[in-house]
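Q: I'm new to reading protein models and would love a close look at one part of this one. Could you walk me through it slowly, and then show me what lies around it?

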Amino acid sequence: MKRPLLIFGLSALSLAGQAGCSDDRLLVGQSPDGGGQQSGSGGSSAATGSGGAATATGGAGGATITRSERPLQISGKEALTRMTTLIWNAPPDDDLLSQDTLGHFKTVEDLYSPARQILADPRAAVGVGAFYRWWLNLDKLAMVSKDATVFPQWNAQLATDMANEAQTFGVKVTLDLNGTYQTLLTAPFSFLNARLAAIYGVSGVTGDALQQVSLSGQQRSGLLTIPALQALASNPTRNNVPHRGVTIYQQTLCMPIPPPPAQVPALPNPVPAGLTTRQELEMTHAGAVCAACHSLIDPPGLAFESFDAIGQPRATDNGLPVDVSGLTLRNFDGGDHTFNGPVGLAQYLSTSDTAETCMATQWIAFAFNEDRQDVTSAQQQRDAAALAQVVGPYRAAGFNLKELIADVMLTDAFLAP
């Protein structure tokens with residue numbers, strides 16, 4: 001899915017893109033946190049000169065990050081415009097432009113302070129929210145249909161609520177909480193209204209507005225257990241375990257899964273009597289041809305069997321107890337890793353180098369307005385070079401998400417002439 005490109009006065013070679021904003025979006029603001037500021041007047045870095053090093057304090061815990069000094073090859077105004085277009089979907093404001101007029105932006109490192117200033121502005125919720133809608137395919141929820149007999153509560157309003165919840169959660173963790181990737185996958189809360197609370201089985205939530213609600217004691221853990229993701233990767237009447245597993249691999253791990261062989265028969269619907277979905281799949285996918293892929297994608301998909309096809313918690317499947325224990329990610333991060341249920345999977349992935357790096361890859365693809373279904377070899381080379389520049393500071397800052405976004409905007413590719 002390619003995002004529409006909105007540009008404010010950029011050259012034809014500009015790389016920054018931004019999705020449009022829907023009127024029903026609930027945006028969470030951001031107060032300036034003062035973090036991540038470089039030393040020097042107006043955002044100029046403390047540098048040793050051309051070819052030297054610039055030192056910045058940013059990210060979780062005030063990590064000190066040293067970057068190589070690089071000359072800025074475009075004008076400061078052009079660089080600021082690309083940055084605010086990506087994060088605000090708007091041109092730079094007078095304060096940023098006045099800093100450029102004073103000549104503060106001579107090197108790439110000089111742009112670190114304005115990058116953090118842009119992210120500290122409430123308008124950052126626009127671009128960060130657009131990232132989460134793009135990354136998680138939240139706009140596709142409007143096209144999801146569910147069987148009215150099985151899920152009578154499913155309607156267009158609930159689908160909109162789910163998309164807004166996922167977006168709001170991502171924005172809140174990234175901006176308001178100055179969160180890390182680990183926080184994104186393990187935070188014990190979400191943002192619910194009365195309709196969503198009914199899906200979660202949470203009492204005491206009223207009204208249409210989203211409000212922060214503790215999910216302590218539930219089988220929920222951050223972003224991956226939000227109902228939007230479960231509804232998107234399910235069928236109209238039942239869960240789709242392989243689809244849920246493929247979603248984890250492709251969106252969270254950046255690991256492509258080949259399409260299934262031709263003429264693969266559909267799984268029986270409903271599940272045969274006397275079997276759970278897990279038992280059915282373990283029998284059906286036991287053969288060598290199926291197991292090659294399904295031994296990889298089924299376990300992370302099975303982790304979410306404790307939720308139904310619209311993300312409601314459930315203890316039984318086909319009249320039998322749901323079992324999400326003893327699941328294994330195979331040949332992953334150097335070995336096999338066994339986990340229990342959605343919380344166990346989320347906790348493991350929250351500290352997985354593959355998953356943390358994939359988040360950087362997703363932000364790079366978003367910043368460059370890539371069509372994820374048609375990435376050219378030139379784009380792959382550009383993305384690899386950008387990733388190499390981003391991963392070090394991102395890791396040094398404890399995988400802080402604002403640090404990641406700032407460093408994506410400082411890559412050579414993003415600021416190329």
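Which residue does a disulfide join to Cys254?

A: Happy to. Keep in mind that this is a predicted model. The disulfide joins Cys254 to Cys358, with the two sulfur atoms 2.1 Å apart. In case the word is new to you, a disulfide is a covalent bond between the sulfur atoms of two cysteines. The count for this structure comes to one disulfide, so let's stay with that pair for a bit.

Look along the S-S bond of Cys254 and Cys358: the torsion there is about 80°, so this disulfide is right-handed. Now find the two ends. Cys254 sits in the loop between helix H9 (241-252) and helix H10 (277-284), while Cys358 belongs to helix H13 (residues 353-367), so the bond ties together parts that are 104 residues apart in sequence. How open are the two ends? Cys254 has 31% relative accessibility, so it counts as partly exposed. Cys358 has 3%, so that end counts as buried. Another cysteine to look at is Cys293, which is partly exposed because its relative accessible area is 28%.

Next, step along helix H13 (residues 353-367) to Met359. Leaving out neighbours within four places in sequence, Met359 is in contact with Phe131, Tyr132, Trp135, Tyr181, Leu184, Tyr394, Leu401 and Leu404. Met359 is also one of the residues that touch the most other members of the largest nonpolar core, which has 108 residues. Tyr132 and Leu184, which we just met as contacts of Met359, are on that list too, along with Tyr132's fellow members Leu141, Trp154, Met162 and Leu349. Helix H5 (residues 156-176) gives the most to this core, with nine residues. As background, nonpolar side chains tend to be buried together in soluble globular proteins.

Two asparagines in loops are worth a stop. Asn369 is found in the loop between H13 and helix H14 (377-396). Asn369 has a positive phi of about 55°, although it is not a glycine, and its relative accessibility is 8%, so it counts as buried. Asn137 is found in the loop between helix H4 (124-135) and H5. The phi of Asn137 is positive as well, near 60°, and with 14% relative accessibility Asn137 counts as buried.

Back towards H9, there's Ser234, in the loop between H8 and H9. Ser234 counts as buried because its relative accessibility is 11%. Not counting residues up to four places away in sequence, Ser234 touches Lys146, Asn239, Asn240, His243, Arg244 and Ala309. Ser234 and Ser145 are 89 residues apart in sequence, with their C-alpha atoms 9.9 Å apart in space.

Let's finish on the other side of H8, with Arg220, in the loop between strand S5 (211-214) and helix H8 (227-232). Arg220 is buried yet has no salt bridge: the nearest side chain of opposite charge, Glu165, is 7.0 Å away. What does the Arg220 side chain have around it, then? A polar atom of that side chain lies 2.7 Å from the backbone oxygen of Thr225, and the backbone oxygen of Gly311 lies 2.8 Å from a polar atom of the Arg220 side chain. Beyond four places in sequence, the residues that Arg220 touches include Ile199, Tyr200, Leu215, Phe307, Pro313 and Val343.

Definitions and conventions:
Residues numbered from 1 in each chain as written. Predicted model: local features only at pLDDT ≥ 70, side-chain atom pairs only at ≥ 80, totals over all residues. Heavy atoms only, no water. Core = buried A, V, L, I, M, F, W, Y, C linked by side-chain atoms within 4.5 Å. Buried < 20%, exposed > 50% of the residue type's maximum accessible area, 1.4 Å probe, protein only. Helix = DSSP H or I, 4+ residues; strand = E, 2+ residues; numbered from the N terminus. Contact = heavy atoms within 4.5 Å. Lys, Arg positive; Asp, Glu negative; His and termini not counted. Salt bridge = Lys/Arg side-chain N within 4 Å of Asp/Glu carboxyl O. Polar contact = N/O pair within 3.5 Å; in protein donor to acceptor, adjacent residues only side chain to side chain. Disulfide = S-S within 2.5 Å.
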